[in-house]
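Student: I have a structure open and would like to test the words we use for it. Could we go through them one by one?

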Amino acid sequence: MTVSISEFTENPKIAYFSMEIGIKGDMPTYSGGLGVLAGDTIKSAADLELPMVAITNLTKKGYFRQELDASGRQTELSDEWDPNKFMAPLNEKVIVHIEGREVSVSAWLYIVVSITGGKIPIIFLDTDNPENAPEDREITHYLYGGDETYRLKQEVILGIGGTRMLSRLGFEIKKYHMNEGHSSLLIIELLRRYKKDIEKVWDERLVWDADKVRSLCVFTTHTPVAAGHDKFPYSIVQKVMSEAETVPIDVLKEFGGHEHLNMTLLALNLSHYINGVAKKHREVSRDMFPGYHIHAITNGIHSFTWTCDSFKRLYDKYLPGWANDPDIFVRSSRIPGDEIWKAHMEAKKELIDYANQETGLKMNYDALTIGFARRATAYKRADMLFTDIERLSRIGNGRLQIIYAGKSHPKDEPGKMMVHRIFEAKKRLEGKIEIAYLKNYNIDLASKIVSGVDVWLNTPLRPLEASGTSGMKAAHNGIPNFSILDGWWIEGHIEGQTGWSIGPHPDTPADPANDVEDLYRKLETIIIPLFYSDRSAWIEVMQNAIAKNAYYFNSHKMITRYVTEAYFK
Ligand SMILES: *Cc1c(COP(=O)(O)O)cnc(C)c1O
């Protein structure tokens, strides 16, 4: 079956480029927050009927499915999926030259349909075409797999192939929004496309119309550490990108850096609007890249996607219209407290039942349950709770349960060790504090956990959490955050009202010892007593999480800001 794209190409569009897009659990084309954010952005665009087209690589072999043995060692299983179940192939193809070979790129059309009737097309690029050399057929297979050369080829397909594909399909593009630097090569394609007339400029070096390209590009950076930004040695760049596909090397170096091709630098130099993903992250980005004007648009999550069924019913009853107008959450105190608690217990039971069935544990419905689920990588410090096991055991014996989930990138040894340490702590705390580590964290499991625990814990090493979004998902389900003051929580935190902070003020240097002390102290003296002895005060915190966090930290609010501050400029 093939479908036609023409219903989408009549009006000009914003093109949203992202290496990963997470729409649903059974389409494993994402690895974590970046992809889920992209999916949520597109869903809000569909709800609000914005003129957008999104584009990504197909990654048909997915990210990976996680298995964990009894000691917490991870194995990675292939997570191949069948695009035919979700989308339809388009007829059009474009050619991109890689290592001197012609690589044909085809496309699939997935349509995000909102309950409002809005629709956003997502174009998935695919090089697995019979006319391609075997190694080229694999370029769009694996998300974040392979070596540097493989990654660069993927970025050539996304940036250059993607831009060509949009034109080939008949799209008129008003802005190119790069969600992280993986798609920066689209800039090269635009520089070539909008070259000035050589007869008019006389000097060959003046044909590159950087101003024109800049006026078309919007760039969102997500990475608060220099090492996390994609950089490629020019030896690899020159090998992979045939001359026919690029601009002269001195032009490339002028915009993308002299030592390496730095994808972030390329995007910074040729975008008219640049933003970080939280206010603190803007500051960190400005220090990392002095001289660039960097704005802040704090991330948000798609309210309808991340609100569990029992809370959806509650919001429909007391806050009708909330899903397409989350500002209405400001009136959350209209919802009676006992109904909030009932809805929460419904979600909690569902999660506890699932956790018990998966792990064979006997967690109970009434114990204070802490949730911690996110990519298992060292800076997130998932095992911080176990810094002093004796102390934790004293504080939480019989009163605390913890639910974990999270995958480590296959090459992230420190991340894998961290998971292993959680399993060791779990053994030592047996009979005192039940701990479940649920395998294969993805969108579906995230939905269960962010709605079914009592407190959402986050312990990143500052300032490495650019934004974080899972805490916003928790807030949508009335769950207070208990977190380090980093990323979005600096903005969302009101002590004792929307949740609790861990550690010192965000402008002081990171201080792990202090963080741990604060974690135990607040757990023992504030959170546990409040949960068990003053349920109505606890429910008030839940209400505030909705009114003061969900109200603001949603992707409707976020995309409205992109529209007014970046797209229509
Ligand atoms: C929301 C989400 C994330 C991002 O969570 P953080 O708070 O940024 O760590 C990662 N993975 C999945 C599956 C998610 O749903």
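**Strands, ligand and overall form**

Tutor: Gladly! Let's begin in strand E7, where isoleucine 123 is the bridge partner of leucine 109. Keep in mind that this is a predicted model.

Student: How do you know that E6 and E7 are paired strands?

Tutor: Two strands pair if there are at least two bridges between them. E6 and strand E7 (residues 119-126) have 8 bridges, in the antiparallel sense, so by the cut-off of at least two bridges they pair. They form a hairpin with 5 residues between them, and glycine 117 in that turn has a positive phi of about 100 degrees.

Student: What stands opposite leucine 109 on the E5 side?

Tutor: Alanine 88 does. E5 and strand E6 (residues 101-113) run antiparallel and are joined by 8 bridges. Their hairpin has 2 residues between the strands, and glutamate 99 there takes a positive phi near 50 degrees.

Student: Why is strand E5 called an edge strand?

Tutor: Look at the order of the open, mixed sheet of 9 strands: E5-E6-E7-E2-E1-E8-E9-E12-E13. Strand E5 (88-98) and strand E13 (295-296) each pair on one side only, and that makes them the edge strands.

Student: Now the ligand. What makes the approach of serine 470 to the ligand a polar contact?

Tutor: A polar side-chain atom of serine 470 lies 2.5 Å from an oxygen atom of the ligand. The cut-off for a pair of N or O atoms is 3.5 Å, so this pair counts. Lysine 473 has a side-chain N or O atom 2.6 Å from a ligand oxygen, and for lysine 380 the distance from a polar side-chain atom to a ligand oxygen is 2.8 Å. The protein buries 95% of the 390 Å² that the ligand exposes when taken alone.

Student: Which helices each supply at least two residues of the shell?

Tutor: Helix H1 (33-47), helix H16 (443-452) and helix H17 (470-476). By class, the shell has 5 nonpolar, 6 polar and 3 charged residues.

Student: Why do we say that the ligand lies between domain 1 and domain 2?

Tutor: Because domain 1 (8-300 + 559-567) and domain 2 (303-553) both give residues to the shell around the ligand.

Student: Last one: how do you know that the chain, with its 21 helices and 19 strands, is as compact as a globular protein of that length?

Tutor: Its radius of gyration is 24 Å, and the globule rule gives 25 Å for 569 residues; the two values are close, so the description fits.

Technical notes:
Residues numbered from 1 in each chain as written. Predicted model: local features only at pLDDT ≥ 70, side-chain atom pairs only at ≥ 80, totals over all residues. Heavy atoms only, no water. Polar contact = N/O pair within 3.5 Å; in protein donor to acceptor, adjacent residues only side chain to side chain. Areas by Shrake-Rupley, 256 points an atom, 1.4 Å probe, with all protein chains shown as cover. Helix = DSSP H or I, 4+ residues; strand = E, 2+ residues; numbered from the N terminus. Nonpolar A, V, L, I, M, F, W, Y, C, P; charged D, E, K, R; others polar. Domains from an automatic or database assignment. Rg over C-alpha atoms; globule rule 2.2 N^0.38 Å.
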